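Trainee: Please pick one part of the inside and look at it closely. Take me through what surrounds it, step by step.

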Amino acid sequence: EMSEMSERSKQNVAHGLAWSYYVGYLKIVLPRLKKSMEEFSRVNLNLVAWRKTWKLHILVPLNCDVHDDLEKADSNIQYVTDLTETTLARAGTKKRVYKHSLYAIRDEENQPWHCAVEYAAPLQTLYAMSQDECAAFSREERLEQAKLFYRTLEEILKGSKECADTYRLIAYEEPEESETHFLSREIVWHLRQEHHEEIAVLEGSHPHSPSTALDTAELNLQISVSDLPQPLRTDGF
């Protein structure tokens, strides 16, 4: 009965996607990211000078609108190069390649900020489900699932020692009226926060935990405990 209720409410969709994304991708690539950034910085000292930005910046658009080409999504985002590849045997595939792209994000003064950035790919699944009649996934359900995906992923990563200080989740809701450089401004805001955190550490002060766009009232991301997926069994298995 509990399983049927969970399936009807689709609570396990975002929960499963978040865990799959972590176990099948983030847990593999994030622990290796610092080394890739360090290798890149030796040759390109001026591009990635701030160690606090040596993270994978993961975009989480709540409308699940994922662009395959960031440069087309926002002209202030420019591809620079790819970081060092990680090659592993994975699920029967020999030499599976994992890599991240480095971008220059230009601010309002046309100054470039460099970082590794990409979308949370599972959001494409949520979007596709909302477009497929077989999934019977409404737009409202998609939004709630996107929120739950973010919350679940955030909790998973917070508990992961391997991934500590290697990522930054950037959740946002697109404005109703189209803004040409909304995405680049959103990313730059986070990069500035990381920059300020590093300055505070170097100066010996205690940096304040930055509030992110996710904390703003208009995003309305609060989900009650009852909305979160519950275990199907209570006997510890």
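Mentor: Start with one cut-off: a residue counts as buried when its relative accessible area is under 20%, and as exposed when that value is over 50%. Between those two limits, a residue is called partly exposed. Keep in mind that this is a predicted model.

Let us put the cut-off to work on threonine 86. Its relative accessible area is 14%, so threonine 86 is buried. Find it in strand β3, which covers residues 86–90. What does threonine 86 touch, once residues up to four places away in sequence are set aside? The partners are Arg32, Arg96, Val97 and Tyr98.

Two of those partners return in our chosen part, the largest cavity. Threonine 86 lines this cavity, and so do Arg32 and Tyr98. The rest of the lining is Val29, Leu33, Ser36, Thr84, Lys99 and His100. How much space is enclosed? The volume of the largest cavity is about 50 Å³. The structure has one cavity of 30 Å³ or more. Rolling a probe the size of a water molecule over the atoms is how such empty space is found.

Now sort the lining by class. Four of its residues are polar, three are nonpolar and two are charged. Which element gives the largest share of this lining? That is α2, with four residues.

So follow α2 next. This helix runs over 11–43. Serine 41 is one of its residues. With a relative accessible area of 9%, serine 41 is under the 20% limit and therefore buried. Beyond its neighbours within four places in sequence, serine 41 is in contact with Val48 and Trp54.

Helix α2 also leads into the largest nonpolar core. It gives the most to this core, 13 residues. The core has 56 residues in total. Those that touch the most other members are Leu26, Leu30, Ile58, Leu59, Phe149, Leu157 and Ile187. Other elements that supply at least two core residues include β1 (56–61), β5 (101–106), β6 (112–119) and α5 (139–158). Also on that list are α4 (122–131), β7 (167–172) and α6 (182–202).

Take leucine 30 from the core. Leaving out residues up to four places away in sequence, leucine 30 touches Leu56, Leu157, Cys163, Thr166 and Tyr167. One of these partners, cysteine 163, has a relative accessible area of 0%, so cysteine 163 is buried. Cysteine 115 is buried as well, because its relative accessibility is 0%. A disulfide is a covalent bond between the sulfur atoms of two cysteines. How many disulfides does a search of the whole structure find? The count is zero.

Come back to Lys99, which lines the largest cavity. Lys99 also lies among the residues nearest the centre of the second largest pocket. Tyr25, Glu118, Tyr119 and Ala121 share that place with Lys99. This pocket has a volume of about 470 Å³, and 18 residues line it. Two or more of them come from each of α2, β4 (93–98), β5 and β6. By class, 10 are nonpolar, five are polar and three are charged.

One more stop: the loop between β5 and β6. Asparagine 110 sits there. Its phi is positive, about 65°, although asparagine 110 is not a glycine. Its relative accessible area is 47%, so asparagine 110 is partly exposed. Cysteine 64 also has a positive phi, near 65°. Its place is the loop between β1 and α3 (70–73). Is cysteine 64 buried or exposed? It counts as buried, because its relative accessibility is 1%.

Last, step back to the whole chain. The protein has six helices and seven strands. Their order along the sequence is α-α-β-α-β-β-β-β-β-α-α-β-α. Of its 237 residues, 41% are buried. Count the contacts between residues at least 6 apart in sequence: 69% of them join residues at least 24 apart.

Notes: Residues numbered from 1 in each chain as written. Predicted model: local features only at pLDDT ≥ 70, side-chain atom pairs only at ≥ 80, totals over all residues. Heavy atoms only, no water. Core = buried A, V, L, I, M, F, W, Y, C linked by side-chain atoms within 4.5 Å. Buried < 20%, exposed > 50% of the residue type's maximum accessible area, 1.4 Å probe, protein only. Contact = heavy atoms within 4.5 Å. 1 Å grid on protein atoms, 1.4 Å probe; cavity = no way out; pocket = protein on both sides within 12 Å on 5 of 7 lines; lining within 4 Å. Points joined across faces, edges and corners; volume = space filled by probe spheres on them. Nonpolar A, V, L, I, M, F, W, Y, C, P; charged D, E, K, R; others polar. Disulfide = S-S within 2.5 Å.
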